[in-house]
Amino acid sequence: METTEQAVRAAEPRQRRVGTFTLGIVLVIAGAGMLASMFYPRFQPEWLLKASPCILILLGIETLLSARGGGRVKYDWLGMFLCFILTGAALCMYIAAWWLVSGDFGANMTNASRWANEDVYEMTYGRFNGADSHTMHLEAGDTLRSEIYTYSGRLEVEISDDDGNTLLEGSAPNGVREIEITRTGDYTILVWGSRTSGGFSFVRVPADDALPPEETSPAPEPYSETAPEAEKTT
């Protein structure tokens with residue numbers, strides 16, 4: 001009798017609780033991210049928070065595939081509790097990621113000063129988490145000189161003309177950079193900071209000022225071996 005029952009149990013498909021596969025994937029990815037942040041300082045763990053909606057996607061896919069496979073998933077109170085924990089963790093991580101992206105719930109700059117006109121666009125900030133832009137009219141032959149100093153966080157810059165052509169795009173390294181302007185028009189400078197501290201400046205250098213000044217000196221007097229009249233003696 002016992003042998004028959006054991007044979008029936010062995011023939012039945014093995015059941016597993018819903019959420020166990022998703023939990024395993026989450027643990028592997030979270031552990032790999034933590035390990036990467038220890039050995040690669042440039043790795044940003046905030047990407048793990050931004051990927052938190054994937055937990056719900058994996059959990060939904062697991063449920064659909066398991067139900068399609070003949071009901072080999074066990075829906076008991078422990079499985080439902082596991083789904084609740086995964087869903088709650090995904091929501092909490094999503095809120096944390098949204099807070100990091102938005103930055104202080106709407107306050108994108110602190111301890112900041114901004115100055116902009118037709119020739120200069122500069123900012124200094126203790127914290128910059130958001131976007132800012134300024135449009136300058138540049139003439140062909142001008143030079144747009146930028147100086148960027150970032151102490152922490154990340155700053156990205158995009159410079160484009162009025163036709164949408166991009167002159168510069170991407171992460172902005174520290175230092176001075178000069179961009180030659182080949183066409184007259186309006187140029188928009190868009191800066192985007194992610195928990196950044198530091199500052200930047202963009203200065204229009206007109207075409208005439210970009211050339212080195214010519215050295216001028218008085219013309220030399222012609223040399224003559226003839227003595228002046230006052231020095232002649234009779």
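These exercises walk through a predicted model of one protein chain.

Residues are numbered from 1 along each chain as its sequence is written. Because the model is predicted, local features need pLDDT of at least 70 and side-chain atom pairs count only at pLDDT 80 or more, while totals for chains, interfaces and linings use all residues; side-chain values use heavy atoms, with hydrogens and water left out.

**Exercise 1. Confidence and overall make-up**

Task: state how far the model can be trusted, and list what the chain contains.

Solution.
- Start with pLDDT, the predictor's confidence in each residue, from 0 to 100. The protein chain averages 78, and 73% of the residues score at least 70.
- Next, find the weak stretch. Over residues 230-234, pLDDT stays under 50. The model has 1 contact beyond four places in sequence for this stretch (contact means heavy atoms within 4.5 Å).
- Apply the general caution. Where pLDDT is low, the predicted coordinates should not be read in detail.
- Count the elements. The protein chain has 6 helices and 9 strands. These are DSSP runs, numbered from the N terminus: helices are H or I, at least four residues, and strands are E, at least two.
- Look at burial. Of the 234 residues in the protein chain, 26% are buried. Buried means under 20% relative accessible area, exposed over 50%, and partly exposed in between (1.4 Å probe, protein chains only).
- Check the contact range. Take contacts between residues at least 6 apart in sequence: 72% of them join residues at least 24 apart.

**Exercise 2. The strands around S5**

Task: identify which strands pair with S5, and in which sense.

Solution.
- Use the pairing rule: two strands pair if DSSP finds at least two bridges between them.
- Take strand S3 (residues 109-110). S3 pairs with S5 in the antiparallel sense over 2 bridges. Methionine 109 has phenylalanine 128 as its bridge partner in S5.
- Take strand S4 (residues 113-116). S4 and S5 run antiparallel, joined by 4 bridges. A hairpin of 3 residues connects them. Serine 113 faces threonine 124 in S5.
- Take S9. S5 and S9 run antiparallel, with 16 bridges. Alanine 131 has tryptophan 192 as its bridge partner in S9.
- Add arginine 127, found in strand S5. Arginine 127 is partly exposed, at 22% relative accessibility. Its C-alpha atom is 8.7 Å from that of serine 194, 67 residues apart along the chain.

**Exercise 3. The S6 and S7 hairpin**

Task: describe how S6 meets S7, then place serine 146.

Solution.
- S6 and strand S7 (residues 166-171) run antiparallel, joined by 5 bridges.
- Glutamate 158 stands opposite glutamate 169 in S7.
- The hairpin has 4 residues between the strands, and glycine 164 takes a positive phi near 90° there.
- Serine 146 is in strand S6. Serine 146 is buried, at 5% relative accessibility. Not counting residues up to four places away in sequence, serine 146 touches Gly175, Val176, Arg177, Ser201 and Phe202.

**Exercise 4. The largest nonpolar core**

Task: find which residues touch the most other members of the largest core, and which elements supply it.

Solution.
- Define the set. A nonpolar core consists of buried Ala, Val, Leu, Ile, Met, Phe, Trp, Tyr and Cys residues joined through side-chain atoms within 4.5 Å.
- The largest core has 20 residues; Val157, Ile189, Val191, Phe200 and Phe202 touch the most other members.
- Strands S5 (120-138), S6 (143-161) and S9 (185-205) each give two or more residues. The largest share, 6 residues, comes from S5.
- A second, separate core has 7 residues, including Val18, Ile55, Cys83 and Ala90.
- Inspect isoleucine 189. Beyond four places in sequence, its contacts include Tyr121, Met136, Leu144, Val157 and Phe202.

**Exercise 5. Aromatic pairs**

Task: count the aromatic pairs and explain what the pair of tyrosine 121 and phenylalanine 200 links.

Solution.
- Set the rule. Rings of Phe, Tyr and Trp (its six-membered ring) pair if their centres lie within 6.5 Å; planes under 30 degrees apart count as stacked, over 60 as edge-to-face and the rest as tilted.
- The count is 6 aromatic pairs.
- Tyrosine 121 and phenylalanine 200 are edge-to-face, at 5.3 Å centre to centre and 70° between the planes.
- Tyrosine 121 lies in strand S5 and phenylalanine 200 in strand S9, so the pair ties together parts 79 residues apart in sequence.
- Tyrosine 121 is buried at 0% relative accessible area, and phenylalanine 200 is buried at 2%.
- Tyr121, Tyr125, Phe128, Phe200 and Phe202 form one aromatic cluster.
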